[in-house]
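Here is a short briefing on one protein chain. Keep the sequence and the model open as you read.

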Amino acid sequence: MVFFLLFLMFAAFSSMLVFFIFAFVEDKSKRVRNFVKSGISLFTLIVISFLTVVVMIVDMSDEEAPVSQEATAKVSSEEDQETDEKEDEEKKADEQPKQEKKVNEDEEKKKQEEEVKKAEEQAKKEQEEKEAEEKKKQEEEAKKVEEQKAKAAKEEEAKKEEEEQKAKEATETSLTVSQGQAISMAEDYLNYTAFSKPGLVEQLVFEGFSQDEASFAVESVSVDWQGQADDMAQNYLDYTAFSKSGLVEQLVFEGFGQNEASSAVESVSVDWQEQAVQMAQNYLDYTSFSRQGLIDQLIFEGFSSEHAKYAADQIGL
């Protein structure tokens with residue numbers, strides 16, 4: 001805008017100068033008219049100059065206004081910053097005692113917690129030591145009781161053995177020669193093979209002792225009759241083949257009770273199916289059989305139908 005006004009000023013000044021010169025150069029008749037035109041140009045120049053000055057002043061005001069605002073804003077910002085810094089310092093000054101107080105409280109609380117924890121650990125340790133001591137005391141008392149029981153049992157056993165020895169000595173002293181011989185023979189037989197109680201009595205009677213002497217001897221020996229049944233069951237199985245029921249019957253025949261015989265058969269380790277095969281082979285080694293005849297014979301001996309058929313299959317019938 002300023003440049004445009006300056007251009008107009010230059011144009012007006014040029015027109016004024018041209019018309020002023022024409023007023024002296026041209027005819028006198030045109031001089032007045034040229035002076036008028038020159039005056040108009042001068043007036044125009046003055047007006048344009050005034051406008052130019054006004055515009056320049058306005059522009060300068062506009063330029064100074066932002067600078068002033070910026071300066072004012074800067075001053076205001078600095079004041080705000082100083083105020084904020086002052087407030088921060090005051091806030092820090094106010095908070096510092098609080099922080100120190102909080103730190104002290106935290107340290108005190110931590111110290112109290114540590115003391116409580118230490119006291120709890122100490123109490124726990126004392127309790128554990130007390131329990132361990134009580135447990136040790138109980139174990140010692142239990143051990144002492146066990147030792148007393150063991151000692152009492154040992155004394156009782158020694159007393160019993162002593163009484164048995166005395167009874168044996170008294171019995172031996174009162175035994176007749178024949179009774180002593182019967183006892184010795186009964187012990188010899190039991191050391192040689194297994195016997196049932198009735199079977200051993202019969203064997204001693206067979207050897208020439210009276211029924212009373214044989215019975216007395218069998219009652220006098222110390223023997224586990226169930227163990228004898230177990231041994232005899234194993235001896236029979238080592239010698240020949242048996243079915244389970246057949247072996248029970250054989251032991252009962254030998255003089256053992258039904259319970260003793262059943263218990264003995266249950267105690268042996270044997271494959272009854274293989275016993276059926278072995279008995280089938282024994283029969284075929286002795287005589288001839290048809291398949292069905294052999295199966296019937298094995299069933300008669302106490303084997304199951306399944307075991308009998310299995311045995312017949314195994315030997316090729």
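Gln 275 is buried, because its relative accessible area is 8% and the cut-off for buried is under 20%. This is a predicted model. The chain holds 11 helices and zero strands.

**Around Gln 275**

- Gln 275 sits in helix H9, which covers residues 272–286.
- Beyond its neighbours within four places in sequence, Gln 275 is in contact with six named residues: Leu 237, Thr 240, Ala 241, Phe 242, Val 270 and Phe 303.
- One of these partners, Leu 237, falls within helix H6 (residues 225–239).

**The chain overall**

- Read along the sequence, the pattern is α-α-α-α-α-α-α-α-α-α-α.
- The chain has 317 residues, and buried residues make up 21% of them.
- Take the contacts in the chain with a separation of 6 or more: residues 24 or more positions apart account for 59% of them.

**Aromatic pairs**

- How many aromatic pairs does the count come to? The count is three.
- One of them joins Tyr 189 and Phe 195, with ring centres 5.5 Å apart and 75° between the planes.
- The Tyr 189–Phe 195 pair is edge-to-face, because its planes are 75° apart and the class begins at over 60 degrees.
- Tyr 189 is at 19% relative accessibility, so Tyr 189 counts as buried.
- Phe 195 is buried too, with a relative accessible area of 13%.
- Tyr 283 and Phe 289 also form an edge-to-face pair, at 5.6 Å centre to centre and 75° between the planes.
- Are the two residues of this second pair buried or partly exposed? Tyr 283 is buried at 19% relative accessible area, whereas Phe 289 is partly exposed at 25%.
- The reason is the cut-off: buried means under 20%, so a value of 25% falls outside it.

**Helix H6 against helix H8**

- Helix H6 (residues 225–239) and helix H8 (residues 258–267) have axes that come within 8 Å.
- The two axes cross at roughly 55°, so H6 and H8 are oblique to each other.
- H6 passes H8 in a right-handed crossing.
- From H6, the contact is made by Trp 225, Gln 226, Ala 229, Asp 230 and Ala 233.
- From H8, the contact is made by Asn 259, Glu 260, Ser 263, Ala 264 and Ser 267.
- By type, the residues of this contact divide into four nonpolar, four polar and two charged.

**Helix H10 against helix H11**

- Helix H10 (residues 291–300) packs with helix H11 (residues 305–315) at an angle of about 135°.
- The axes of H10 and H11 are 9 Å apart.
- Why is H10 oblique to H11? The angle of about 135° is outside the range for roughly perpendicular, 65 to 115, and does not reach the class over 145, so H10 is oblique to H11.
- H10 passes H11 in a right-handed crossing.
- H10 brings Arg 291, Leu 294, Ile 295, Leu 298 and Ile 299 to the contact.
- H11 meets them with Ser 305, Ala 308, Lys 309, Ala 311, Ala 312, Asp 313 and Ile 315.
- The residues of the H10 contact with H11 divide into eight nonpolar, one polar and three charged.

Methods: Residues are numbered from 1 along each chain as its sequence is written. This is a predicted model: local features need pLDDT of at least 70, side-chain atom pairs count only at pLDDT 80 or more; totals for chains, interfaces and linings use all residues. Side-chain values use heavy atoms; hydrogens and water are left out. Helices (H or I, at least four residues) and strands (E, at least two) are DSSP runs, numbered from the N terminus. Buried means under 20% relative accessible area, exposed over 50%, partly exposed in between (1.4 Å probe, protein chains only). Contact means heavy atoms within 4.5 Å. Rings of Phe, Tyr and Trp (its six-membered ring) pair if their centres lie within 6.5 Å; planes under 30 degrees apart count as stacked, over 60 as edge-to-face and the rest as tilted. Axes are lines fitted to C-alpha atoms, for helices over the stretch in contact, and angles run from 0 to 180 degrees between N-to-C directions. Angles under 35 degrees count as roughly parallel, over 145 as roughly antiparallel, 65 to 115 as roughly perpendicular and the rest as oblique. A crossing is left-handed if the near helix is turned anticlockwise from the far one by less than a right angle, and right-handed if clockwise. Ala, Val, Leu, Ile, Met, Phe, Trp, Tyr, Cys and Pro count as nonpolar, Asp, Glu, Lys and Arg as charged, and the others, Gly among them, as polar.
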